[in-house]
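Okay, hi everyone, thanks for making room for me today. Have a look at what's on the screen, and I'll talk you through it.

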Amino acid sequence: MTKDSFSNKAEAFEAFDDTPLSPAHGDAIGAVIARRFSRRDLLKGSLGVAAATALFGDAALQSALAQPKPSFTFSFPAVPAGVDEKHHVAEGYDVNILIRWGDPLSEGKAAFDPRALTAEEQTQRFGYNNDYIAFFPLDDRGTRGLLCVNHEYASPEVMFPGVGVRPDRNDFAKITEAHVGIEMAAHGVAVVEIVFEGGKWKPVLSSKFNRRITASSEMTADGPAAGHDRLKTAADPSGLKLWGTLNNCAGGQTSWGTYLTGEENCNGYFWTDQKGADGKRLNKGLGGAQQKSYDRYGIPSNWYSWGKYHERFNVDKEANECNRFNWIVEIDPHDPASTPVKHTALGRFRHEGAEMIVNKDGRVVVYSGDDSPFEYVYRFVSRDAVKLGDKAANMKLLSEGALSVARFNDDGTVTWLPLVFGQGPLTPVNGFQSQADVLIDARIAADHLKATPMDRPEDVQPHPTSGKVYIMLTNNERRRPEQTNKANPRPENDFGHIIEMTAPGGDHASDTFTWDFLIKCGDPKVAKMGALWNPAIASDGWFSSPDNCTFDSQGRLWVGTDQGSAWSRKTERADGFYAMGTEGEERGLPRLFFRCPVGAEMCGLCFTPDGQTLFLAVQHPGTDGVKDWKPFGRESTFEDPATRWPDFHPEMPPRPSIVAVRKKGGGRIAT
Ligand code: FEO
Ligand code: CA
Ligand code: CA
């Protein structure tokens with residue numbers, strides 16, 4: 001989600017996810033694997049198998065073993081930087097629209113009509129603002145699979161007729177209870193079976209797997225905070241029966257075939273009736289037992305009107321509902337009747353995502369950024385090791401383990417600081433009565449441990465085999481010169497950077513890593529920006545605000561960008577999807593592969609195991625930054641949007657969509 005994706009009004013800006021709330025601070029993956037681990041190791045089920053299957057599945061690994069030696073070189077003609085109403089892909093590639101907001105997930109439904117949309121209809125259709133994507137193969141040929149997709153938030157100004165421009169955070173008068181119902185149903189996750197037929201991927205509307213999970217779906221919780229008093233509400237005295245998942249941003253994929261989704265800016269959905277002297281709804285200093293926690297998490301932020309119609313989102317009426325969000329949720333896409341689980345052991349903060357790797361000792365490690373300015377990078381290490389083929393046991397792995405937070409030392413090392421009740425400052429003296437308190441208030445615990453405040457940590461992605469971990473730091477224009485540190489060295493960091501961490505000996509559970517910069521973003525021709533790129537960078541190649549990243553079937557890094565509304569003022573180039581060299585002569589050298597239409601953000605990025613299809617999530621087309629884009633020059637509305645991508649039909653507003661990209665004639669992408 002962009003920092004300013006909901007409103008551009010100055011007073012509203014304060015409440016969004018760029019508001020600092022922390023205390024003031026100064027060829028084929030198989031070949032890559034085979035090179036590093038012997039075939040004997042692979043077959044006996046040590047790291048190679050585990051690490052590879054974490055991302056690509058058993059079938060992918062088996063076929064990959066026969067592949068030629070890897071190449072980290074990308075081969076495709078770069079897309080020119082720029083912005084217009086359409087998407088653009090590298091020459092020689094096809095883009096197909098796989099699924100759009102409002103498309104049905106079952107047979108026999110009418111074509112989508114946004115003017116006739118109801119909450120009930122929305123629960124049976126693809127949701128809004130698609131973000132993270134994961135692909136789970138259903139066969140060995142790579143022609144069927146389940147796609148899991150996050151639906152992060154709603155953009156009412158282009159979803160609903162007659163509601164006008166972007167709402168203020170307070171009292172958006174034209175949003176009715178019916179609108180709120182649709183918004184709630186448009187959030188969450190979609191599971192959809194897809195098939196490759198006739199040279200194209202398409203949804204299987206008859207699939208038993210197709211499912212929508214929304215802001216109202218029943219969930220449960222496990223781990224140390226499950227059932228704790230602070231998770232109990234009037235509607236759920238057990239603290240174990242929860243409803244809904246919110247602001248699902250990025251996520252992860254487990255080696256046992258389940259999906260992880262990160263709850264990010266959940267504060268925005270909570271509401272108070274209390275107003276300050278200026279007549280505005282309060283967003284801090286409410287008073288009450290949890291005031292310190294509320295203030296540290298930005299609760300309430302009053303971005304949506306849900307609290308008007310649903311008491312659980314009104315903190316004056318239900319003080320604990322907010323503690324039931326901002327977790328990592330595990331969903332089994334292969335079992336449509338399964339109940340999603342919120343894993344409290346992974347801590348409560350504004351989770352960008354939850355990328356997993358199986359460590360060399362078999363324990364699973366999950367990395368997660370807390371996406372706000374001056375927030376932290378976290379790591380979870382499971383207590384137990386993965387059991388190959390035992391899904392039921394593996395689905396308990398995220399229930400118990402060690403959560404820690406990163407301190408980036410000036411000497412190039414990273415210290416992982418454990419968040420354990422009773423250790424160091426995490427005691428009753430500082431307000432912690434239990435491990436549940438430490439996890440519910442993980443941000444406050446991390447403050448006490450003196451973790452390093454970062455420039456909006458988004459995706460944190462371990463390479464499947466190299467022991468490297470890449471951290472996308474989107475930007476932080478609020479960092480002042482006296483607040484810089486070695487790992488966040490630029491004041492007013494408008495453009496972001498990428499840090500490369502190294503787990504020693506590939507041990508992702510080690511207490512100490514090392515770190516270095518991969519790149520510092522911005523225009524390399526403008527010296528004062530202090531950008532760091534490969535000297536061979538092309539004038540069209542540089543980018544700003546790295547957000548999501550992924551590895552392709554050859555273990556090569558790719559990066560998606562999210563500039564928010566800043567692109568129209570600071571770069572004049574749309575968000576996109578970039579190949580990103582990490583090794584040898586191409587290290588630090590990006591190249592644009594796909595460019596978003598105006599006002600859109602590049603979200604989910606997912607390659608199929610054979611490397612021949614790339615799924616990309618184009619989020620909020622036509623919204624961010626369009627007022628400052630000269631060819632349009634005003635805010636988008638349903639009736640008058642900056643683009644009608646992807647349908648370009650005069651009656652249809654822009655629609656967030658998943659696209660499938662393939663090389664003309666087939667073959668691995670970028671080879
Ligand atoms: Fe939802 Fe941090 O992007
Ligand atoms: Ca993101
Ligand atoms: Ca990722």
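I'll start with the overall picture, then go through the metal sites, the aromatic rings and the salt bridges.

So, one thing up front: this is a predicted model. The protein chain has 671 residues, and 64% of them count as buried. Its secondary structure comes to 13 helices and 31 strands. The chain exposes about 22000 Å², with carbon and sulfur atoms supplying 51% of that.

Right, on to the calcium ions. Which residues coordinate the calcium ion we call ligand 2? Those are Glu 352, Glu 458 and Asp 547, with distances of 2.2 to 3.1 Å, and Asp 547 appears twice in the list through OD atoms. Along the chain, the donors follow the spacing E-x105-E-x88-D. Glu 458 sits in strand E21 and Asp 547 in strand E25, so this pair ties together parts that are 89 residues apart in sequence. Both Glu 458 and Asp 547 are buried.

Now ligand 3, also a calcium ion. Its protein donors come from Glu 355, Asp 459, Gln 461 and Cys 549, lying 2.2 to 3.0 Å away. Cys 549 gives its O atom here, while Gln 461 gives OE1. The spacing in sequence reads E-x103-D-x1-Q-x87-C. And are Asp 459 and Gln 461 buried or exposed? Asp 459 is buried, and Gln 461 is too.

Next up, rings. When we talk about a pair of aromatic rings, we give the distance of the centres and the angle of the planes. This structure holds 32 aromatic pairs. Take Trp 201 and Phe 615: they're edge-to-face, 5.7 Å centre to centre, with 70° between the planes. Trp 201 is in strand E6 and Phe 615 in strand E30, so far along the chain that 414 residues separate them. Both Trp 201 and Phe 615 are buried.

Then there's Trp 558 with Phe 607. Their planes are at 50° and their centres 5.4 Å apart, so we call that pair tilted. Trp 558 belongs to strand E26 and Phe 607 to strand E29, so the two tie together parts 49 residues apart in sequence. Both of those are buried as well. They also belong to a cluster linked by ring pairs, which includes Phe 74, Phe 76 and Tyr 93. And over the face of Phe 76 you'll find Arg 591, at 5.2 Å from the ring centre.

Last topic: salt bridges. Side chains of opposite charge can pair when their charged atoms come close. A search of the whole structure finds 38 salt bridges. One of them joins Lys 570 and Glu 477, with the closest N and O atoms 3.1 Å apart. Lys 570 is in helix H13, whereas Glu 477 is in the loop between strands E22 and E23, 93 residues away in sequence.

Another joins Glu 500 and Arg 587, at 2.9 Å between the closest N and O atoms. Here Glu 500 is in strand E23 and Arg 587 in the loop between strands E27 and E28. At 6% relative accessibility Glu 500 counts as buried, but Arg 587, at 25%, counts as partly exposed.

Salt bridges with shared partners also join Arg 296, Asp 370, Glu 375, Arg 443 and Asp 447 into one network. Arg 443 turns up again over the face of Tyr 297, 5.3 Å from the ring centre. That's me done, thanks!

Conventions: Residues are numbered from 1 along each chain as its sequence is written. Chains are lettered from A and ligands numbered from 1 in the order in which they are written. This is a predicted model: local features need pLDDT of at least 70, side-chain atom pairs count only at pLDDT 80 or more; totals for chains, interfaces and linings use all residues. Side-chain values use heavy atoms; hydrogens and water are left out. Donors are N, O and S atoms within 2.8 Å of the metal (3.2 Å for Na, K and Ca); water is not among the atoms, so sites may look incomplete. Helices (H or I, at least four residues) and strands (E, at least two) are DSSP runs, numbered from the N terminus. Buried means under 20% relative accessible area, exposed over 50%, partly exposed in between (1.4 Å probe, protein chains only). Accessible areas come from the Shrake-Rupley method with a 1.4 Å probe; for residues, only the protein chains shown count as cover. Rings of Phe, Tyr and Trp (its six-membered ring) pair if their centres lie within 6.5 Å; planes under 30 degrees apart count as stacked, over 60 as edge-to-face and the rest as tilted. A charge sits over a ring if NZ of Lys or CZ of Arg is within 6 Å of the ring centre and within 35 degrees of the ring normal. A salt bridge is a side-chain nitrogen of Lys or Arg within 4 Å of a carboxyl oxygen of Asp or Glu.
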